[in-house]
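Here are my notes for someone opening this one up without having seen it before. They go region by region, so keep the viewer handy and follow along.

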Amino acid sequence: MSTVARSELTPQKISHKLGLPYVPQLSAHHVWDRFVETFDIGFVRRHRLMGLLHDERPTIAICDLAGWRQTDIVRRMLTPRLSVVVTSEDQVQQAINRAYEAQSGQTQALIDELDRDAVLSEIETLSRHEDLLDTTGRAPVIKLVNMILFEAVKNGASDIHIQPYEDRVIVRQRIDGVLFDAFEIPKELQGEVTTRVKVLGRMDIAEKRLPQDGRATVQIGDRLIDLRIASLPTSHLERVVIRLLDKSARLHSLGELGMNDQTLREFGELIQLDHGLLLVTGPTGSGKSTTLYAALQEINTVDQNVLTLEDPIEYQLEGVSQTQINEKKGMTFARGLRNVLRQDPDIIMVGEIRDRETAVMAIQASLTGHLVFSTLHTNDAASAVTRLLDLGIEPYLVTSSLVAALAQRLVRRICEQCREPVPADEQRRQLARLGAAPTGEPIYRGRGCEQCRNTGYRGRIGLFELLTMNDACRELVQNRGNAADIRQAAREAGMALLIDDGLDKVQRGWTTVEEVLRVTRAIRDNTEPAEIG
């Protein structure tokens, strides 16, 4: 059939031509397990059809004549009592993705059935963009690695750790900021699994004595996932960590991050300034990039030239020129920033200030009429100010350029499905740990259920501490005051600390005292995290 003729046959016309019902939405149809077990995803994708159940009746959903021609095969293999409906191609593809993604929980069973002798030479032949849902015909270790990645993405994990021990290998997943043991791999398969991951990341499989980094992109249904792979030699062979970045994930707006009304209003006003330096601080994994992306989305308009320097580029921003840092090839933040300034920017986002050179360039850019966003690895907002002084920046430059520092952490949200009030006597003890007294309103915890993997938590929300530079803070910086003095001056001006914001979210029933204490422990212990760079 020609392209023109095929495009003229819309699903509605095919429905009329074949005398079949047209169904605009397949949401009322459930997965037909027997169909999924019988036909692999390659077959159903190729012919654009999907087997479903509607009121327990087997049904095939098609979107064109190619799918209609395959319904006889389904009837012969499964059942002659088969209904056929017509829908759009998008609906068919979404149904396929939902059905084959629903095949979770198979990884440990697959591991138990693995035969080491069945690991084939196919391990070297995988293309760079592979659909992880299509495991048909793959060698066992390739299928195993695909399953490891698939289950991690399905569980919403940000990282996968392949952790070797003397007699076993544990695969762990970081979900909502916390590591969980997912399953165990036989020790004798460690080498093949590590090699498979390194092949995926275009790394040197012969080099096992030096750390390596690699990158890859894999596909799960209609989602593209970027992988950042790092290997490290240990006493029990190589350890591998894979960071997962979902390129199709929806970006959050500022209002969705969890800022209270005052912080949201003040931060929203700060990002509208025409020049200055605005820092977001916190340890790795505290949501700094998410906040910066939300801010850029808020102020990205057609009359603004917005450029970013990132390592890595985590999300694609429409209308923003994004540049990837590559230090191995000499493309550092400082060098990139020097070149970005020649691109007539209005707004610049520098992924991280790691050294004095980058800090000097960012401050100079902010003083010459540019709004500059960047991040620092410090425990709280006041420490971000003194960190610039520690990097060798003169106090007068800090007071002239820095407009605010936003510190943040991520805490796990209480699972809505199993949320329950904390008993009154325990409430008193818990709130006392945050220096607060009961208000008469209950606080909550998660009992643990299937939806949250029995953790009591599902999803995360931010804690924020916004230090806006005022005259008192500037005077302290000018006199090289310490972080404690700057923090106190900001508190007197109305700044809420991270732990204050945490208490507010506990009292609103969004998180628990344990979570707030967990993420603010370094601040309360007055310790600084190691500088990353």
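1. Let's begin with one pair of residues: T59 sits opposite S83, which is in β4. The strand to look at alongside β4 is β3, residues 57–62, and the two run parallel, joined by four bridges. Before going further, keep in mind that this is a predicted model.

2. Now zoom out to the sheet around that pair. It is an open sheet of four strands, ordered β1-β2-β3-β4, and its pairing is mixed. Which strands stand at the edges? They are β1 (30–31) and β4; each has a single partner strand, so one side of each has no neighbour in the sheet.

3. This sheet has a helix lying across it. Helix α5 lies across β2 (49–54), β3 and β4, and its direction is at about 155° to β3.

4. Next, have a look at α2, the helix made of residues 11–18. Its buried residues are P11, I14 and S15. They span an arc of only 105° around the axis, so they end up on the same side of α2. H16 and K17, on the other side of α2, are exposed.

5. What do the buried residues of α2 pack against? The answer is α5 (65–77) and β4 (83–86), so here we are back at the edge strand from point 2, where β4 has a single partner strand. Just after α2 comes G19, with a positive phi of about 70°.

6. A small stop at Q93, which you'll find in helix α6, residues 89–101. Setting aside neighbours within four places in sequence, Q93 is in contact with R45 and R48. As for C63, it is 30 residues away from Q93 along the chain, and the C-alpha atoms of the two are separated by 9.8 Å.

7. On to another open sheet, this one with six strands. The order is β7-β6-β5-β10-β9-β8, and the pairing is antiparallel. β7 (178–186) and β8 (212–220) are the edge strands; since each has a single partner strand, one side of each is left without a neighbour in the sheet. Going from one strand to the next, the twist averages 20°.

8. Follow the strands in from the β8 edge. β8 and β9 (residues 223–234) run antiparallel and are joined by nine bridges. Two pairs are handy for getting your bearings: T217 stands opposite D226 in β9, and A216 has L227 of β9 as its bridge partner.

9. How many bridges pair β9 with β10? There are 10, in the antiparallel sense. One pair to click on is R228, which stands opposite R243 in β10. The link from β9 to β10 is a hairpin through two residues.

10. The six-strand sheet has its helix too. α9 (residues 190–200) lies across β5 (157–164), β6 (168–175), β7, β8, β9 and β10 (237–246). Relative to β10, α9 runs at about 40°.

11. Further along the chain, check S401 in helix α15, residues 395–401. Is S401 buried or exposed? Its relative accessible area is 1%, so S401 counts as buried. Not counting residues up to four places away in sequence, S401 touches G276, L277, I363, S366 and L367.

12. Finally, two helices that pack together: α17 and α18, the latter covering residues 483–492. Their axes are 9 Å apart, at an angle of about 170°. Angles over 145 degrees count as roughly antiparallel, so that is how α17 lies relative to α18. A472, C473, L476 and V477 are the α17 residues that meet D485, I486, A489 and A490 in α18.

13. Both ends of α17 are worth a click. At the start of α17 (residues 471–478), N470 has a side-chain oxygen that comes within 3.2 Å of the backbone nitrogen of A472. A472 is also one of the α17 residues that meet α18. Just after α17, R480 has a positive phi of about 55°.

Terms used: Residues numbered from 1 in each chain as written. Predicted model: local features only at pLDDT ≥ 70, side-chain atom pairs only at ≥ 80, totals over all residues. Heavy atoms only, no water. Polar contact = N/O pair within 3.5 Å; in protein donor to acceptor, adjacent residues only side chain to side chain. Pairing = 2+ DSSP bridges. Axes fitted to C-alpha atoms, helices over the stretch in contact; angles between N-to-C directions. Contact = heavy atoms within 4.5 Å. Buried < 20%, exposed > 50% of the residue type's maximum accessible area, 1.4 Å probe, protein only. Arc of directions from axis to C-beta. Parallel < 35°, antiparallel > 145°, perpendicular 65-115°, else oblique.
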